[in-house]
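Reader: Hello! Could you take me on a close look at one strand of this model and the surroundings it belongs to?

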Amino acid sequence: MNKALYSAEKKYFECCSETVEGYSEALYFYLENYHTALKSIYDPLLFSTGDTARIQDWLIKNKPYMPEDFAAYFYVDEKKTGYFSNGNIVGLEGRNYVDKSNYIDSDFFVSNIMYSKLSSSPVFVIGIPYFDDNHSLKGILCAVFKIEVMQKITDAITLSEKKYVYLQDRTGRFLVHPDKSYLGEVFIPDDEHYKAISSEFISSQIQGKIETVNENDEVVNLIYNRVKLCEWILAIAFPKVELEQIYRQQNSTKVTIILISVLSLGIFVFLEMSLLNYFYKNQLVNAVYDPLTNLYSRQFFEKIADRHLKKNPRVKFMLIEADIRGFKFINQNYGEENADKMIFYLSTLLNKAVQSYKGLICRGYADHFYIMLEVHNVYKAMSMFKKKLEQLNDLIKAYEIPFFPKFGITFFRPEQKRNVSVKELIGQASFAKSTIKDNMILPYAIYNSRLLDKVNEEHYIEATMEKALENGEFFVMYQPKILLADDKIVGGEALVRWKTNDIGLLTPDKFIPLFEKNGFITKLDFYVYEQVFKFISRQLKENQPIVPISVNMSRNHNKPDKFMHDFMELFNKYNIPPEYIQVEIIERSVMDSKTLCEITDRLHEKGFSVAMDDFGSGESSLNMLTKVPVDVLKFDRYFLLSTMNEKGAVDEKSARFMSSLIELSRNLEKQTVFEGVETEEQRDFLKKIRCDQVQGYFYSKPLLENEFLEFIEKHSN
Ligand code: C2E
Ligand code: CA
Ligand code: CA
């Protein structure tokens, strides 16, 4: 193949993959928006009372403010009883979304497709857990959605024609399909191509995967991605003609693809900001008052708002950006004068509302307004906002030209971050507002720190991690390891969690990569080791049951001498036989296999066992198998996932490969452990090929100390 053509093709696929990635990000974003809407009635104070009658009243009262896309919403208490916004009280025992294990690792959960008696069409549920101070789950606030909402969303995110979008939940049921008759179904027709699609859909290693199949007599390239958090599977089919055209044109630069991504939203905010700067630089705006509305100018607003923020370091603020949907269109169709009138009208309404709360308001350029208010409680502020919004909408209805304002909202919580500027808050509110699509019913969006605030979050984490360690905000959970021969517990893995005061429970993926970057992980590792040692030694001292525990050793410990010294110093403080401790090591880029061998040997000398973690995820794994003298091979979760077909059964070829790999491990006298065993089929298969142990949600998610002890009680000899 001609080199230029080859690179054109490569470029084309890169663009397509980016589109799919952006699309998946956009879907996640919509789900996040639902989550945020639900969160606006999340009232921890009220939930902490456990008074379900009052909680249900609260839900019913808030009904008018909830988006129409919510088919229903409800609160589930500890007894698994659901208190619904329509007044119903229903027992929900056995439903997947009330299972507490779904909430251990995440502060919101998106279910797979379900069939509900209450609704004619299949639904899915978004749940937000409520934990008490002891990290124990007391309730769940849930919203139900008909799967049609996903179709509506994908219809709204337009791709150029001839691109088909598929969305499946983790079990393979379609939420979106070009042929509507497949919605809610697991679709496996006889066609071999479809089988290929479906199995790829369900197996896990599909990120960015490209595949060529026949779709309605047209050859397409299918590109896959996973939607964050819910792990739904997205595929977009790009017609092959597109690629052929490139060949004809022989020009890679002419590839045009609409990129829908959060990135483009970022650019939008950036553009808006630069436009504004342009106005300022050219002194097109008045310094203090806006001549049209007599409100403050934005420049002046920023000045006094900043002063306000500095003067009140402990106060929470709400910043709102408002504008009018399709204002450009109004300007063109009704003329500038009418548009100005409309702005003035809106300004009087907004100003009146703001003045009743002693807030600040200004107009930026065109139809853009900014509002800053002091608030005490985010949830109360939101319910106040919604009330005002209703009044505002009533007044607007009386206006001669129909128009609809929309709002981006952000909250500044001083405990989260100090020193924020009004500009930054405006950026956040703008960003939130830019996520409101014209077809969305909810006219406001709340800035979600998880999306854009990542950088701030990192700052926050870095600024608070040391204190958090001192304050005992990190704690350890234990996930059981099961011996397949008799289904009994033979060990556990210690997994760290961080319960922050401000942003809730964090799972390791949120902070470990950062801690690896800044080096804090070595400290945290030792903290975890000490917690584990304490736990084991207490059990032994009291003659209570306990099993050997595996601890993780991060890739940052790259000096065997120092590590062993510190590890033994800590270990010797507790009177524990070393057989109770296993160390999980990982292949690492910074460390050669020689160093890895050295650490393993040194740990062996002291009587600890050593496991190779995430085996099968790196390229050199097979190489390591013979080189590093570990006792245990822990197979990565993805290893198992990648061998499953559409029905969750193991693919024959993979089965043979795994079977021989286990055989090989056995010959090398290494124990085998599989991680991420979630289904009975997987367990049975692993048992059949004589894998020794498994660890996974099928048996148990990571547990709190006391839960883990209960598990030992129930599952040991
Ligand atoms: P890992 O060592 O591979 O730990 C296993 C991870 O897989 C855990 O995630 C566990 O909750 C998850 N898992 C177990 N069974 C299943 C299953 O059936 N399905 C699914 N979907 N997941 C399952 P977790 O706790 O979020 O930890 C993520 C990673 O963070 C760990 O991966 C480990 O690399 C790191 N980590 C956790 N705790 C520590 C620690 O104390 N020190 C260090 N250095 N790293 C840690
Ligand atoms: Ca591990
Ligand atoms: Ca692992």
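Reader: Let me begin with one pairing: in E21, which residue is the bridge partner of Gly492?

Author: The bridge partner of Gly492 in E21 is Ile549. Before going further, please keep in mind that this is a predicted model, where local features need pLDDT of at least 70 and side-chain atom pairs pLDDT 80 or more, while totals for chains, interfaces and linings use all residues. Residues are numbered from 1 along each chain as written, chains are lettered from A and ligands numbered from 1 in written order, and side-chain values use heavy atoms, without hydrogens and water.

Let us start with the strand itself. E19 covers residues 488–499 (strands, E, of at least two residues and helices, H or I, of at least four are DSSP runs, numbered from the N terminus). Nine of the 12 residues in E19 are buried, so the strand is mostly covered (buried is under 20% relative accessible area, exposed over 50%, partly exposed in between, with a 1.4 Å probe and protein chains only).

E19 has several partners (two strands pair if DSSP finds at least two bridges between them). With E21, residues 549–552, the pairing is parallel and has two bridges. With E18, residues 474–483, E19 pairs in the antiparallel sense over 10 bridges. Two points help you follow that ladder: Phe475 has Arg497 as its bridge partner in E19, and Pro480 stands opposite Gly492. Gly492 therefore turns up in two ladders, facing Pro480 of E18 and Ile549 of E21. The hairpin of E18 and E19 has four residues between the strands, and there Asp487 takes a positive phi near 60°.

At residue 499 you can pick up another neighbour: Lys499 has Leu505 of E20 as its bridge partner. E20 is residues 505–506, and two bridges join this strand to E19 in an antiparallel arrangement. Following E18 instead takes you to E26, residues 693–695, which runs antiparallel to E18 and is joined to that strand by two bridges; here Leu483 stands opposite Gln693. E18 is mostly covered too, with nine of its 10 residues buried.

Now turn to ligand 1. E19 gives the most to the shell around this ligand, with four residues. E19, helix H14 (508–518), helix H15 (521–541) and strand E23 (609–615) each supply at least two. There are 22 residues around ligand 1, and Gln479, Asp525, Arg637, Glu678 and Tyr697 come nearest (near means a heavy atom within 4 Å).

Several polar contacts are worth finding on your screen (pairs of N or O atoms within 3.5 Å). From E19, a polar side-chain atom of Glu493 lies 3.1 Å from an oxygen atom of ligand 1, and a polar backbone atom of Val496 is 3.2 Å from a nitrogen atom of the ligand. Asn552 places a polar side-chain atom 3.2 Å from an oxygen atom of ligand 1. On its own, ligand 1 has 800 Å² of accessible area, and the protein covers 84% of that (areas come from the Shrake-Rupley method with a 1.4 Å probe).

Glu493 and Asn552 bring us to the metals. Together with Glu584 and Asp613, these two residues are the protein donors of the calcium ion (ligand 2), at 2.1 to 2.3 Å (donors are N, O and S atoms within 2.8 Å of the metal, or 3.2 Å for Na, K and Ca; water is not among the atoms, so sites may look incomplete). In sequence, the donor residues are spaced E-x58-N-x31-E-x28-D. Because Glu493 lies in E19 and Asp613 in E23, the pair ties together parts that are 120 residues apart in sequence. Glu493 is buried, with a relative accessibility of 3%.

Asp613 leads on to the second calcium ion, ligand 3, which is 4.1 Å from ligand 2; Asp613 coordinates both. Asp613, Asp614 and Glu675 coordinate ligand 3 at 2.2 to 2.6 Å, and Glu675 appears twice through OE atoms. Here the spacing in sequence is D-D-x60-E. Asp613 is buried, at 8% relative accessible area, whereas Asp614 counts as partly exposed at 27%.

Definitions and conventions: A polar contact is a pair of N or O atoms within 3.5 Å; within protein, one must be able to donate a hydrogen and the other to accept it, and residues adjacent in sequence count only if both atoms are side-chain atoms.
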